[in-house]
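Hi,

Here is the structure I promised to pass on. Have a look at it first, then read my notes below.

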Amino acid sequence: MAHPSRRVAPTGSRGNTYSPLRLKLVLLLLTAATLPVMIGSSVLIYYYLRFSVMVERRLQGERWQIPARLYARPLVLRTGMALSATDLVKILNGLKYEEKQDIPAAAGEFAVGRTTVTFAPRGMGAEAAEPLLVTFVKDRVTEIRGLRTKRSYATLTLEPELITYLFDESREKKRVIKFEEVPDHMVKAVLAIEDRRFFSHPGLDPWRIVGAAVRNYKADSYIQGGSTITQQLVKNFFLTPERTFRRKAQEALLAFVLERRAEKKDILELYMNEVYLGQVGSFGIQGIGQAARMYFQKDVGNLTLPEAALLAGMIQSPNPYNPYRHPKRALDRRNQVLRSMQEAGFVTAEVAKEAAAQPIEVKSASLDRSEAPYFVDLVKTQLAERFAQKDLATQNLAVYTSLDLPLQNLAQQVLSPLDLEARFGLV
């Protein structure tokens, strides 16, 4: 029997004695193992909440803070006026009319014939009750006739055309579009060449990153990035362009946050409005909506498959694939997009082959003329005397001006640089 005054040392399950030193060592090891996890989790939660607030504010700003819009004088179409069918088609594209192959059935649609343009006007007047057939002879309007009533119209007033948005003082041209306005083949062209799994990944695509790394290694040079569309948007929309590990980590976390805060179609809409698509003169072309107007003089909804593929191909490197300066490169890149669409199952081999056989047909770069920059500068000066710059950029103001776009274009054509040189020895 043990002596009553003798203390018995505590024992474990195996009868081993835990010394204070061993206990301290165990606690230190547990702390060393868990402390980095706790700190890392805290930092991650902090930045997640911080970026969530940043994303939410920016998204709300984009959704509700809409810049002022400058409109031209409504076009009054009349018999005898100097206007070609091409000019009217351009005007209808500017008014976001949708081109159809058959006779227009709904307001806001049009179809083009050999010497005619048929369209169903929007509006409240009697002329809006039926589609109208406009006939041209030698670049003049000779007749405006209703298709159903056979009534002849002497004049027809269209709605005012948007000239430009007043974003800020930067030399950028941008035309805001909604996701619903973009044709399906335009969306698929972007997805095929930029991010095929966009609608299934959470903002980051590990398979794309690994695939891009393998392709770049085999090519012994950088040929493809691993960023998703969400990451590209975050890089251009929220972050600075610096290339550091810290910025890449922020980009990845922001992409994950953005996917939690916005729907996929909203992210894609923002992306297509923000993407840079080349330089024309002193102006940067921002967004697919403005690019459609610039390169094809069309509303984005009327882009054909080859045209959509050309714009999607320019996203990666707009200036090297600029169809004005590098038509051969632009053609090859467009056809690469078409092949990618076929590989992704977005189009059939026959459709891709037919589209690839078509030549590139871009319109002349006439942005400076068609958007009347000097007139716009004058309007900006007058508006600055009555409104704060912040209000012009955020309050969704509609500004209606006296600018007659057809006359503006005609005057610019007459007073071209060559004509000025011939008449006055200028330029």
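What follows is a short tour of what turned up, going from a sheet to some covered helices and then to a cavity.

One thing to keep in mind before you start: this is a predicted model.

**The five-stranded sheet**

A good place to begin is an open sheet of five strands, which run in the order 3-4-5-6-7 with mixed pairing. The edges belong to strand 3 (98-99) and strand 7 (141-146); each has a single partner strand, so one side of each is left without a neighbour in the sheet. Helix 2 (residues 85-94) packs on this sheet, where it touches strand 4 (109-112), strand 5 (116-120) and strand 6. The direction of helix 2 makes about 25° with that of strand 5.

Strand 6 covers residues 132-136 and pairs with strand 7 in the antiparallel sense, over five bridges. If you want to find that pairing on screen, look for T135, whose bridge partner in strand 7 is E143, and for F136, which stands opposite V141. The hairpin of these two strands has four residues between them, and K138 takes a positive phi there, near 50°. Strand 6 also pairs with strand 5, again in the antiparallel sense, over four bridges. Four of the five residues of strand 6 are buried, which leaves the strand mostly covered.

**A closer look at T118**

T118 lies in strand 5, and its bridge partner in strand 6 is L133. Is T118 buried or exposed? With a relative accessible area of 11%, T118 falls under the 20% cut-off and is therefore buried. Leaving out residues up to four places away in sequence, T118 touches P104, E109, F110, A111, L132, L133 and L147.

**Strand 1, covered on both faces**

In a regular strand, side chains alternate between the two faces of the sheet. Strand 1 (residues 68-71) is covered on both: A68 and L70 are buried on one side, R69 and Y71 on the other. Strand 1 has an antiparallel pairing with strand 9 (residues 162-166) over four bridges, and A68 has L166 as its bridge partner there. Strand 1 also pairs with strand 13 (residues 398-400), this time in the parallel sense and over three bridges. In that pairing, Y71 stands opposite Y400.

**Two covered helices**

Helix 9 (residues 305-314) has ten of its ten residues buried. Charged E307 is on that list, along with residues including L310, L311 and M314. What do the buried residues of helix 9 pack against? Their neighbours are helix 3 (184-194), strand 11 (276-280), helix 8 (288-296), helix 10 (327-343) and helix 11 (349-356).

Helix 7 (residues 264-274) is largely enclosed by the rest of the structure, because nine of its eleven residues are buried. Among them are K264, E269, Y271 and E274.

**The cavities**

Finally, the structure holds three cavities of 30 Å³ or more. I looked into the second largest, which has a volume of about 70 Å³. Its lining draws on several stretches of the chain, with A72, R73, P74 and L75, then I91 and L95, then L158, E159, P160 and E161, and lastly L405 and P406. By class, that lining has nine nonpolar, no polar and three charged residues.

That's the tour. Shout if anything is unclear.

Cheers

Key. Residues are numbered from 1 along each chain as its sequence is written. This is a predicted model: local features need pLDDT of at least 70, side-chain atom pairs count only at pLDDT 80 or more; totals for chains, interfaces and linings use all residues. Side-chain values use heavy atoms; hydrogens and water are left out. On a 1 Å grid over the protein atoms alone, a cavity is a set of points where a 1.4 Å probe fits but cannot get out, and a pocket is an open set with protein on both sides within 12 Å along at least five of seven lines; lining residues have an atom within 4 Å of a point. Grid points are joined across faces, edges and corners, and a volume is the space filled by probe spheres set on the points. Ala, Val, Leu, Ile, Met, Phe, Trp, Tyr, Cys and Pro count as nonpolar, Asp, Glu, Lys and Arg as charged, and the others, Gly among them, as polar. Two strands pair if DSSP finds at least two bridges between them. Contact means heavy atoms within 4.5 Å. Axes are lines fitted to C-alpha atoms, for helices over the stretch in contact, and angles run from 0 to 180 degrees between N-to-C directions. Buried means under 20% relative accessible area, exposed over 50%, partly exposed in between (1.4 Å probe, protein chains only).
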